[in-house]
Amino acid sequence: MNNLEKSPAVAPATLVRAFGVVSGTLLVAGIVIGSGVFKKIVPLAQSGLNAEWILAAWVAAGMVTICGALNLSGMASLTEESGGVYEYLRLSFGNFASFMFGWTDFAIIGSASVAALAFIFAQSVNALLPLPNPAQAWAHLSIGGLIYPFADSGIKLLAIATTAALTWVNYRGVSESGRLSNVFTAAKIGGILLLILAGLFLTAPDSGGTTVAVIPVQEVSLASAFFGALLSVFWAYDGWVDLSFVTGEIKNPRRNVPRAIIGGVSIAIVLYVLINYVYLRTLPLAQLAAIGPNEIGAAVVAEGLLGKWGKTGVTVLILVSVFGTLNSVLLSHTRVHFRMAQEGYFFQSAAAVHPHYRTPHRALAFTFTWSSLLIISGTFERLTDLVIFATFLFYGLLAVAVVKMKRQGRIPGPVPGYPFVQLILILFALTFTGHTLITQPTQSLLGLGLILTGLPFFVYFRRRQTQMQPARVPSQEA
């Protein structure tokens with residue numbers, strides 16, 4: 001009797017673990033340190049707070065962010081798979097909670113971040129070298145009076161081309177993307193340090209800029225003004241959780257993920273406090289508050305310190321900073337959609353891993369396509385504003401997840417700061433979302449509606465998963 005020999009099954013390609021703790025730390029710092037560090041001093045100067053309270057807002061927001069990182073360190077022990085928050089919510093609360101986070105990330109948070117960063121990068125290029133507008137003749141055409149696809153066509157084309165170039169870099173391999181991220185992160189940190197040194201040693205302290213609140217924009221309590229400042233500052237700290245999305249590509253992730261997040265956030269806190277001290281030391285609050293909406297606070301300060309070349313140098317620094325952050329965001333958020341597809345709750349082709357480059361190349365294509373459409377629409381900034389409260393709601397849910405898993409014994413080891421860290425995060429998330437619902441009810445409800453567009457997709461993916469489950473075939477005896 002002839003026995004047919006079965007050829008050995010070819011193991012499916014998997015993601016490669018290329019990030020160590022240093023690369024992970026720089027990735028976190030690269031994502032967190034984006035454009036906010038250069039722009040947020042203006043709205044803070046207009047808040048009515050004095051310099052000491054502005055600096056306190058940066059420290060307080062950093063401490064809450066560190067609490068988030070400590071909370072995440074407890075979840076990091078649950079799995080070594082990619083997906084981060086998505087995977088943690090799936091293990092803690094099931095597929096529905098994780099899908100709603102993942103869908104929100106794909107539809108708005110992650111893709112809109114890519115679109116916004118690419119647009120800001122192209123705008124900065126345009127400020128140095130004006131770009132042509134090939135579709136200027138159709139710039140007045142709109143969709144419903146809200147979307148002007150042909151407006152700023154030169155900036156949009158460069159933004160899409162930049163996103164395409166970085167998608168290609170990420171397609172070629174996580175090592176290449178990681179090295180690029182490290183280079184740009186080191187460059188932006190170096191540039192910020194130079195600006196800090198210039199501010200500390202090239203000018204005398206401004207006597208009126210550090211003690212007196214000179215912008216009585218409106219009569220508000222100190223608590224209200226400080227909370228409003230915190231909301232602005234948290235924008236600059238956003239993105240620290242993104243490292244968890246690439247857990248499947250980090251060496252020894254149970255140890256290195258929390259270390260890298262805490263290290264990256266700590267770098268951001270130090271730089272943020274120092275650079276804002278320089279802003280406040282160099283120019284009076286009244287002058288900072290008077291900076292126009294089309295100007296960047298850091299560039300105005302640099303011009304005061306170093307003249308025209310200083311302003312040009314900071315503009316170049318912003319280009320470097322935003323470009324590096326864009327690469328890191330593109331790298332990290334596609335891993336969420338990749339993990340969703342692996343679990344059957346996203347378009348199945350997004351679960352593919354390139355056999356040679358070992359990257360989620362089709363998930364990258366999904367993100368690039370949707371981000372490009374958001375760039376053309378020009379609505380990404382509005383979408384990001386609408387759902388920022390949902391991001392903090394998920395952060396609060398992560399704190400609840402740690403408490404649940406700890407009580408069930410599924411997190412056996414110690415969690416730093418437990419349970420006080422979790423209590424802080426839950427209270428802050430509830431306060432933040434409650435404040436947003438009260439002060440911006442229309443936008444909040446619209447944002448909630450956009451998130452709920454994922455419901456029919458959840459039903460579809462779950463039904464498809466049920467239909468695709470193979471029926472049991474009884475074994476045939478020889």
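Among contacts in the chain between residues at least 6 apart in sequence, what percentage join residues at least 24 apart? In this predicted model, the share is 82%.

The secondary structure that carries these contacts is helical: the chain has 18 helices and zero strands. Of the 478 residues in the chain, 53% are buried. The accessible surface of the chain comes to about 21,500 Å², and carbon and sulfur atoms account for 65% of that area.

One helix pair can be followed in detail. Helix α4 spans residues 51-75 and helix α16 spans residues 420-439. Their axes lie 9 Å apart and form an angle of about 120 degrees. Angles of 65 to 115 degrees count as roughly perpendicular and those over 145 as roughly antiparallel, with the values between these two ranges classed as oblique; α4 and α16 are therefore oblique to each other. The handedness of the α4 and α16 crossing is left-handed. On the α4 side, the residues that take part are V64, C67, G68, L70 and N71. They meet V421, Q422, I424, L425 and F428 of α16. By residue class, this contact of α4 with α16 consists of seven nonpolar and three polar residues, with no charged ones.

Helix α12, residues 297-306, gives a view of burial at the level of a single element. This helix is mostly covered, with seven of its ten residues buried. A run from G297 through A298, A299, V300 and V301 to A302 belongs to the buried set, and L305 completes that set. Just after α12 comes G307, which takes a positive phi of about 80 degrees.

A single residue, L89, shows how a buried position is surrounded. L89 is found in helix α5, which covers residues 85-93. Is L89 buried or exposed? Its relative accessibility is 0%, and the cut-off for buried is under 20%, so L89 counts as buried. Leaving aside neighbours within four places in sequence, L89 is in contact with G94, A97, S98 and F101, and also with F394, L397 and L398. As for spacing along this part of the chain, L89 and G102 are 13 residues apart, and their C-alpha atoms are separated by 9.9 Å.

Conventions. Residues numbered from 1 in each chain as written. Predicted model: local features only at pLDDT ≥ 70, side-chain atom pairs only at ≥ 80, totals over all residues. Heavy atoms only, no water. Axes fitted to C-alpha atoms, helices over the stretch in contact; angles between N-to-C directions. Helix = DSSP H or I, 4+ residues; strand = E, 2+ residues; numbered from the N terminus. Parallel < 35°, antiparallel > 145°, perpendicular 65-115°, else oblique. Left-handed = near helix turned anticlockwise from the far one by under 90°. Contact = heavy atoms within 4.5 Å. Nonpolar A, V, L, I, M, F, W, Y, C, P; charged D, E, K, R; others polar. Buried < 20%, exposed > 50% of the residue type's maximum accessible area, 1.4 Å probe, protein only. Areas by Shrake-Rupley, 256 points an atom, 1.4 Å probe, with all protein chains shown as cover.
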